[in-house]
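Work through these exercises with the model open. Each one gives a task, then a solution in steps.

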Amino acid sequence: MGRKIIVVGGGASGMCAAIYAARNGADVTIIEKNTQLGKKLSMTGNGRCNLSNLDMSEKMYNPAAENRMKQWLSVYGVLDVINFFKSLGIIIKSEDGYLYPISGQASTVVSAFENELKRLGVNIIFGEQVKSIEENKEEHIYKVVTSKNYYFADRVIVAIGSLSGAKSTMSTGDGYYICQKLGMTIKDTHPALVGFKCEEGEILPEAGVRSTAEVSFYLGNEELAKEYGELQLTKDGISGIPVMQASSKIIKFVEEKKPITVSINFFADYDEDDYLSLCKEMLQLRDDRTLEEFLNGFHNSYINDLIIRKMKMGRSMKMKNISESMVMSIFDSYRNFKLKLSDSYGYQASQVTAGGVSLGNIRDDMTVKDHDGLFVVGELLDVDGRCGGYNLQWAWTSGSIAGTVASL
Ligand SMILES: Cc1cc2nc3c(=O)[nH]c(=O)nc-3n(C[C@H](O)[C@H](O)[C@H](O)COP(=O)(O)OP(=O)(O)OC[C@H]3O[C@@H](n4cnc5c(N)ncnc54)[C@H](O)[C@@H]3O)c2cc1C
């Protein structure tokens, strides 16, 4: 029998690490506190699992991780992911570079992992929460203490994840405490890839509305982030791809209760001149129709409604009674719809956690400095990527490296 390895956490990075280690002949046990493997993985990509991206580079990760990611992605990149999934019987398809299982079902990815772990004879212990990890340096052995038991291993891979995800994912951030007790430095955490609540009294729709838009975030006059994509406006805030992509750059200010203003451009596909020509053409249509009738077809009716309310106009006002300059201000509002943020939707609504175990604690082979035989992988580390498959890529990259090295 090969090395005795315990993997703490049966999520994306832990299952990946376990497979690589077991394929190399190690005797692997996963300890998972939930009653199933890959609970969060099964929810990824709206149930479709966006597992990587052909447009891969270290620039897609937080600045503190960029340099290290370059090295790690050169060891295990997108092609390695595609081949790994092929070896599990999962065919990958690309949608504009975003990679998904061809089944379109995250559940098939979880099943493929389960089948492979079973085939390799990996032992899985469910329903035990790991509380601490102790190293016996003289005997080169680790003791893993759980809520019910304790276990010994030559090597331990900590793949416990973060604070992000719905309650059912059991993402309670246990890893930060466990790693801190082992002497590792933990960088402050924040929810990332998350939406934001708006200040009370802001004009928002009664129900959710989606629209492509360019969304810019400001602290005073300073632009903190600008993103384009499908924006979601809800009755108390904003989310969707452009907001999530910007979130890591603004979360700190929102948590510090700094006044963050959002400017939404619902006509981002038009440049300044094209939009002006469009507005001038529209102006020709001013007659005895109402404002609501006039705007019908100009944009989504719910967006039109927001603009009318923002401008404090009556929807049944006759266009001939609204001055040309006022109509132009209405059009301007579609390019600069302002909202003020009050808070984020928090960890349970976030896709990843920024911060965590500082990369200064970790060697390139994912081992922990001063703890030979101990590995930390996945989101528990201070690595967070943009939306688009980058966080799962990190789970596969870090998991595969740790699983391989641990088995040697
Ligand atoms: C709704 C949602 C959608 C997402 N969609 C995408 C996407 O499409 N593409 C993408 O790249 N990323 C996506 N992500 C992010 C991605 O899922 C995570 O980055 C990834 O799962 C992290 O892998 P991990 O192994 O580090 O942690 P996890 O997958 O969270 O696994 C950690 C495991 O450890 C277990 N555990 C925790 N504490 C203990 C303990 N004390 N003892 C024992 N076990 C423990 C947990 O139960 C869990 O099974 C999404 C996240 C969410 C919440």
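**Exercise 1.** Find which polar backbone atom and which side chains make contact with the ligand.

*Solution.* The model is predicted.
Step 1: take the backbone. A polar backbone atom of Asn50 sits 2.8 Å from a nitrogen atom of the ligand.
Step 2: take the acids. An N or O atom in the side chain of Asp174 is 2.7 Å from a ligand nitrogen. For Glu32, a side-chain N or O atom lies 2.6 Å from an oxygen atom of the ligand.
Step 3: apply the cut-off. A polar contact is a pair of N or O atoms within 3.5 Å. The pairs at Asn50, Asp174 and Glu32 therefore qualify.

**Exercise 2.** State how much of the ligand's accessible area the protein covers, and describe the shell around the ligand.

*Solution.*
Step 1: on its own, the ligand has 1000 Å² of accessible area, and the protein covers 93% of that.
Step 2: name the elements. Helix H1 (12–23), strand S2 (27–32), helix H2 (44–47) and helix H12 (390–407) each give two or more residues to the shell. H12 gives the largest share, three residues.
Step 3: count. The ligand is surrounded by 31 residues, and Ser13, Glu32, Asp174, Glu379 and Leu392 are the closest.
Step 4: sort by type. The shell holds nine nonpolar, 16 polar and six charged residues.

**Exercise 3.** Locate the second largest pocket relative to the domains, and explain why it lies there.

*Solution.*
Step 1: size it. The second largest pocket holds about 600 Å³ of space.
Step 2: find the centre. Its lining has 24 residues, with Asn62, Pro63, Ser248, Lys249 and Asp384 closest to the centre.
Step 3: list the elements. Helix H3 (63–75), strand S11 (186–192), helix H7 (241–255) and strand S18 (352–357) each contribute two or more lining residues. H7 has the largest share, six residues.
Step 4: sort by type. The lining comprises ten nonpolar, six polar and eight charged residues.
Step 5: assign domains. Domain 1 (4–191 + 352–407) and domain 2 (196–344) both supply lining residues, so the pocket lies between them.

Notes: Residues are numbered from 1 along each chain as its sequence is written. This is a predicted model: local features need pLDDT of at least 70, side-chain atom pairs count only at pLDDT 80 or more; totals for chains, interfaces and linings use all residues. Side-chain values use heavy atoms; hydrogens and water are left out. On a 1 Å grid over the protein atoms alone, a cavity is a set of points where a 1.4 Å probe fits but cannot get out, and a pocket is an open set with protein on both sides within 12 Å along at least five of seven lines; lining residues have an atom within 4 Å of a point. Grid points are joined across faces, edges and corners, and a volume is the space filled by probe spheres set on the points. Helices (H or I, at least four residues) and strands (E, at least two) are DSSP runs, numbered from the N terminus. Ala, Val, Leu, Ile, Met, Phe, Trp, Tyr, Cys and Pro count as nonpolar, Asp, Glu, Lys and Arg as charged, and the others, Gly among them, as polar. Domain bounds come from an automatic or database domain assignment. A residue is near a molecule or strand if one of its heavy atoms lies within 4 Å of it. A polar contact is a pair of N or O atoms within 3.5 Å; within protein, one must be able to donate a hydrogen and the other to accept it, and residues adjacent in sequence count only if both atoms are side-chain atoms. Accessible areas come from the Shrake-Rupley method with a 1.4 Å probe; for residues, only the protein chains shown count as cover.
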